[in-house]
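Student: I've got the sequence and the model open side by side. Can you walk me through the fold?

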Amino acid sequence: MAADALLLVVGAAGGGRSRAVVAGTLPGKIFEYLRSSRPVLLLGDEAGDAAQLLRQHGRGWVADETQPASIAAALRQMMQGEPAATPVAGVAAFERRALAGELARFLRQCREGRQP
């Protein structure tokens, strides 16, 4: 929480996974990072789900991990204080307490036999 910026690597390079698999990857760490309210540099598929989520919440920059020029441009933007994006939704929903409450409501509905 005290870091100036956070790094999230969701890349396929050298990992043996295809871009298609990585594109649909949402690591749990991304939700912690969003909740931290710190700037995030994501290295990975620029069109992937993690990149879209990060952009949606205006919390960081995305660069293709195989493109040094893309990484340099993102770092330059971060250092110059350029906004990553305009946030369109809050991140409070990613807080553990909020998620636990959602799960509790869902389980109550299941126990009562109602459709969630």
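Student: Let's start in the middle: in which sense do β2 and β3 pair?

Tutor: Keep in mind that this is a predicted model. Strand β3 covers residues 60-63, and four bridges link it to β2. One of the residues with a bridge partner there is L41, matched with W61 in β3. The sense of the β2 and β3 pairing is parallel.

Student: What is the hand of the crossover from β2 to β3?

Tutor: Follow the chain out of β2: it goes through helix α3, residues 49-56, before reaching β3. That makes a β-α-β crossover, and its hand is right-handed.

Student: Now the other neighbour. Over how many bridges do β1 and β2 pair?

Tutor: Strand β1 takes in residues 6-10, and its pairing with β2 is parallel. Two of the matches are easy to find: V9 has L43 as its bridge partner in β2, and V10 has G44. The count of bridges between β1 and β2 is five.

Student: So what is the strand order in the sheet?

Tutor: Three strands make up an open sheet with parallel pairing. The edges are β1 and β3, each pairing on one side only. From one strand to the next, the twist averages 20°. Read across, the order is β1-β2-β3.

Student: Which strands does α3 touch where it packs on the sheet, and which does α4 touch?

Tutor: Take α3 first: its direction makes about 150° with that of β3, and it touches β1, β2 and β3. Helix α4, residues 68-79, also packs on the sheet, with its direction at about 165° to that of β3. The strands α4 touches are β2 and β3.

Student: Why is β2 described as largely enclosed by the rest of the structure?

Tutor: Look at which way its residues point: V40, L42 and G44 go one way, L41 and L43 the other, and all are buried. Buried here means under 20% relative accessible area. Strand β2 runs over residues 40-44, and it is largely enclosed because the number of its residues that are buried is five of the five.

Student: Which residues of β1 are on its covered face, and which on the uncovered one?

Tutor: β1 has one face of each kind. L6, L8 and V10 make up the covered face. That leaves the uncovered one, with L7 and V9.

Student: Back to α3. Why do its buried residues count as being on the same side?

Tutor: The buried ones in α3 are A50, A51, L53 and L54. They sit on the same side of α3 because the arc they cover around the axis is only 165°. The general rule helps here: an α-helix has 3.6 residues a turn, so residues three or four places apart point the same way.

Student: Which elements do the buried residues of α3 pack against?

Tutor: There are strands on the list, and a helix too. Just after α3 comes G58, with a positive phi near 60°. As for the packing partners, they are β1, α2, β2 and β3.

Student: Which side chain makes a polar contact with the side chain of S70?

Tutor: S70 is a residue of helix α4. Not counting residues up to four places away in sequence, it touches E46, A63 and D64. The polar contact, at 3.4 Å, is with the side chain of E46.

Student: Is D4 buried or exposed, and which residues does it contact?

Tutor: D4 sits in the segment before β1. Its relative accessibility is 71%, so it counts as exposed. The C-alpha atoms of D4 and R38 are 6.7 Å apart, though 34 residues separate the two along the chain. Leaving aside neighbours within four places in sequence, the contacts of D4 are R38 and P39.

Student: And E32: how far is it from M1 in space?

Tutor: E32 belongs to helix α2, residues 29-36. With 37% relative accessibility, it counts as partly exposed. Along the sequence E32 and M1 are 31 residues apart, while C-alpha to C-alpha the distance is 9.7 Å.

Student: Last one: in what order do the elements run along the chain?

Tutor: The chain has 116 residues, of which buried ones make up 31%. Its secondary structure comes to five helices and three strands. From the N terminus on, the order is β-α-α-β-α-β-α-α.

Conventions: Residues are numbered from 1 along each chain as its sequence is written. This is a predicted model: local features need pLDDT of at least 70, side-chain atom pairs count only at pLDDT 80 or more; totals for chains, interfaces and linings use all residues. Side-chain values use heavy atoms; hydrogens and water are left out. Buried means under 20% relative accessible area, exposed over 50%, partly exposed in between (1.4 Å probe, protein chains only). Two strands pair if DSSP finds at least two bridges between them. A crossover is right-handed if, with the strands pointing away from the viewer, the path from the first strand over the helix to the second runs clockwise. The arc is that of the directions from the helix axis to the C-beta atoms. Contact means heavy atoms within 4.5 Å. Axes are lines fitted to C-alpha atoms, for helices over the stretch in contact, and angles run from 0 to 180 degrees between N-to-C directions. A polar contact is a pair of N or O atoms within 3.5 Å; within protein, one must be able to donate a hydrogen and the other to accept it, and residues adjacent in sequence count only if both atoms are side-chain atoms.
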